[in-house]
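Reader: I am new to this structure and should be grateful for a close look at one part of it. Please take the packing of two helices within a single chain, and then set that part in its wider surroundings.

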Amino acid sequence: MGSRRPPRFVYRGERVAFSPSDCVIITIRRGFLIKFMKKRVFVIKKRMWQDEDLIGFETDDILVVKNTTPDAQIILSRTAGLITEINNLLCHAAIISRESGVPLLMGQVGITNQLNTGDMIEVDFDKKIWKKF
Amino acid sequence: MEEILNYTYQFNLEKLSQAIENLWQKYVQIIENKDCTVDDIYRARAILYFLGYLYPEQIALGAINNRLTGMSLEDFFIKVDKGEINNELSKFYEIIKGIKNRTYQGTYLGEGLFNQVYEKKTGQKPKHKLD
């Protein structure tokens, strides 16, 4: 696991000079932080995954998975954001995201096949869009 | 499963919780029983699918949506998680979260153990994913 690199927080509307990488723009919506970020992804292609599938995960990576389960709770506290293929307001990922405030983008069917660990992506959790760069 | 649907319709949360626990215990007994039959393991598959996916993510979601007024589902869940709502509907949501956060022998609803028993008894892997 890598050491946590403190994110640079920039409030929407604030005029600042920043490098395009590793920036985080915060907006407050419904009481939660909704973020735009450029980050490295850690991709798990299996549906059922366990601790050994997390070798190489670095704190502050965006975790890209088909789904999450309660046994994955610890790693979810160390991820910058979560992207899942499954899409349901009562799936585990949605529940844990609401409880912990981890930004979540659901319903990205096929994303675990489109991305590989180490890829860099831009993701807007508010607009629910992402792209590889 | 019939009892769970019945008490969901009646919105009797006490009996609903008990019915969920009863079904869960039935499932655990099957996957823990080394002498369970193939029929038993298919029954456990049905329970796993029902408790793990169909009930919480489809039926319960619909049940909340049908009873919710004045706000969206997403807003309701957020407010409950922030402790801003405390009523029968929020208690129902907490029951559902109890299912979704349940692990057994290290995996969600004991799916790892279930898969082992299923493979042993049927000679094949479960064909369809839980979610």
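**Two helices of chain B and their surroundings**

Author: In this predicted model, the secondary structure of chain B comes to six helices and two strands. Read from the N terminus, the order of these elements is α-α-α-α-α-β-β-α. The C-alpha trace of chain B spans about 50 × 25 × 20 Å along its principal axes. Of the 131 residues of this chain, 28% count as buried. Contacts in chain B between residues at least 6 apart in sequence include many of long range: 57% of them join residues at least 24 apart.

The part chosen for a close look is the packing of helix α3 (residues 38-67) of chain B against helix α5 (residues 88-100) of chain B. The axes of these two helices come within 10 Å and cross at roughly 170°. Because angles over 145 degrees count as roughly antiparallel, α3(B) is described as roughly antiparallel to α5(B). On the side of α3(B), the contact is made by Leu51(B), Pro56(B), Ala60(B), Ile64(B) and Arg67(B). From α5(B) come Leu89(B), Phe92(B), Tyr93(B), Ile96(B), Ile99(B) and Lys100(B). By class, the residues of this contact divide into nine nonpolar, no polar and two charged.

Both helices also take part in the contact between the chains. That contact takes 23 residues from chain B and 17 residues from chain A. On the side of chain B that touches chain A, at least two residues each are supplied by α3, α4 (73-81), α5 and β2 (107-108). The largest share, six residues, comes from α4(B). The classes on this side of chain B are eight nonpolar, four polar and eleven charged residues.

The partner, chain A, has three helices and eight strands. Its elements run β-β-β-β-α-β-α-β-α-β-β from the N terminus on. Buried residues make up 35% of its 133 residues. Of the contacts in chain A with a separation of 6 or more, 37% are accounted for by residues 24 or more positions apart.

Within chain A, strand β7 (residues 120-124) and strand β8 (residues 129-132) run antiparallel and are joined by four bridges. These two strands form a hairpin with four residues between them, and Lys128(A) in the turn has a positive phi of about 65°. Ile121(A) stands opposite Lys132(A) in β8(A). Ile121(A) is also linked to a distant part of the sequence: Met37(A) is 84 residues away from Ile121(A) along the chain, yet the two are 8.1 Å apart in space, C-alpha to C-alpha. Met37(A) lies in strand β3 (residues 32-43) of chain A. Met37(A) counts as buried because it has 20 C-beta neighbours inside 10 Å.

A word on confidence in chain A is also in order. The mean pLDDT of this chain is 76, and 73% of its residues reach 70 or more. Among its elements, helix α3 (residues 111-114) of chain A has the highest mean pLDDT, 93, whereas strand β2 (residues 23-29) of chain A has the lowest, 45. Over residues 1-32 of chain A, pLDDT stays under 50; for that stretch the model has 47 contacts beyond four places in sequence.

Notes
Residues numbered from 1 in each chain as written. Chains lettered and ligands numbered in written order. Predicted model: local features only at pLDDT ≥ 70, side-chain atom pairs only at ≥ 80, totals over all residues. Buried ≥ 20, exposed ≤ 12 C-beta atoms within 10 Å, placed from the backbone. Contact = placed C-beta atoms within 7 Å. Axes fitted to C-alpha atoms, helices over the stretch in contact; angles between N-to-C directions. Parallel < 35°, antiparallel > 145°, perpendicular 65-115°, else oblique. Nonpolar A, V, L, I, M, F, W, Y, C, P; charged D, E, K, R; others polar. Pairing = 2+ DSSP bridges. pLDDT = per-residue confidence, 0-100.
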